[in-house]
Amino acid sequence: MDLCEKCEEMMQPYMDGVLSDAQVREAKEHLDRCSWCAKRYKFEVDLRHFVRVSVQEPMPPELKAKLAALRTPLQ
Amino acid sequence: MSESTPTAAETRRIAEEARDRVRFEEEALELSDQVYRVARRLVGTREEAEDLMQEAYARAFRSWRQYQPGTNLRAWLLRILTNLNIDRGRRQQRTPQTTSIDEAGDYFLYNKLESTAPEENPDEERVIERLSQDSVVEALSDVPHDFRDVVVLVDIGEFSYADAAQILDIPVGTVMSRLHRGRRILKKSLADRAVPI
């Protein structure tokens, strides 16, 4: 497996912060040197942010009131 | 003192419990926006999300004593909510054909967007602009439930693998494999919805 393939495979766990220190160093070294992977890494980071922002839908205010009404009444 | 009069210790205990319960309810309500954000993406419609939130909060307020103070309350609430969601039997969905997804690597979406760009070397800032926010909502709802639950908890709810495993009552290894596959299904679906040039 070449380094870019390995980088591709480690990309998601790298972004999730679950790689070992040694693996993180290895990934960083590769990303510093390889603009092909660096471009894709940047895209993955942007994509995750974009997905998170795109699906935000604020809670309807009346729902909050309905939830509060479910509280146990004070004796 | 008659038998029916509570002792001082008992009165104090009742008062303490009431205080703990009020605190629990307040903390749970403060988290409701964050819980809703996740709940909304676990189900298809706003109405379903609202029903599920009310059922989950009613149950949480009833079983508040089972919550261990100091542990992750948002995760605890979402565990109740996902259990209710599963109980509703909304899981009769087929397992998707994922062969082609497994073959596509993680760079699949970028490669696809880049290869269909008008210029030879597209400005990478612009590549993501080929996706619309609406298409993300649609693409996510296309991801089958088992995979979507994990993607929603980790990528939108920002839960750790361990928290997601606890919420869904599945092993961490299953969280990882579903996340892996779920993200790829999402990317595939996004690629199909990319704004044409």
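Which residues in α8(B) meet which residues in α11(B)? In this predicted model, Ser135(B), Val136(B), Ala139(B), Leu140(B) and Asp142(B) on the side of α8(B) meet Leu186(B), Ser189(B) and Leu190(B) on the side of α11(B). Sorted by class, the contact of α8(B) with α11(B) has 5 nonpolar, 2 polar and 1 charged residues.

The geometry of this helix pair can be stated in a few terms. Helix α8 of chain B covers residues 133-142 and helix α11 of chain B covers residues 172-192, and the two pack at an angle of about 135°, with 9 Å between their axes. Angles from 115 to 145 degrees belong to the oblique class, and α8(B) and α11(B) are therefore oblique to each other. The crossing of α8(B) and α11(B) is, moreover, right-handed.

On the scale of the whole chain, the domain assignment divides chain B into domain 1, at 8-87, and domain 2, at 99-192. The centres of domain 1 of chain B and domain 2 of chain B, taken over C-alpha atoms, are separated by 29 Å. The table sets out the two domains and what each gives to the contact.

| Domain of chain B | Bounds | Residues in the contact |
|---|---|---|
| domain 1 | residues 8-87 | 10 residues |
| domain 2 | residues 99-192 | 12 residues |

On the side of domain 1 of chain B that touches domain 2 of chain B, the elements that give two or more residues are α2 (32-42) and α4 (73-87) of chain B. The residues of that side of domain 1 of chain B divide into 4 nonpolar, 3 polar and 3 charged.

Terms used:
Residues numbered from 1 in each chain as written. Chains lettered and ligands numbered in written order. Predicted model: local features only at pLDDT ≥ 70, side-chain atom pairs only at ≥ 80, totals over all residues. Axes fitted to C-alpha atoms, helices over the stretch in contact; angles between N-to-C directions. Helix = DSSP H or I, 4+ residues; strand = E, 2+ residues; numbered from the N terminus. Parallel < 35°, antiparallel > 145°, perpendicular 65-115°, else oblique. Left-handed = near helix turned anticlockwise from the far one by under 90°. Contact = placed C-beta atoms within 7 Å. Nonpolar A, V, L, I, M, F, W, Y, C, P; charged D, E, K, R; others polar. Domains from an automatic or database assignment.
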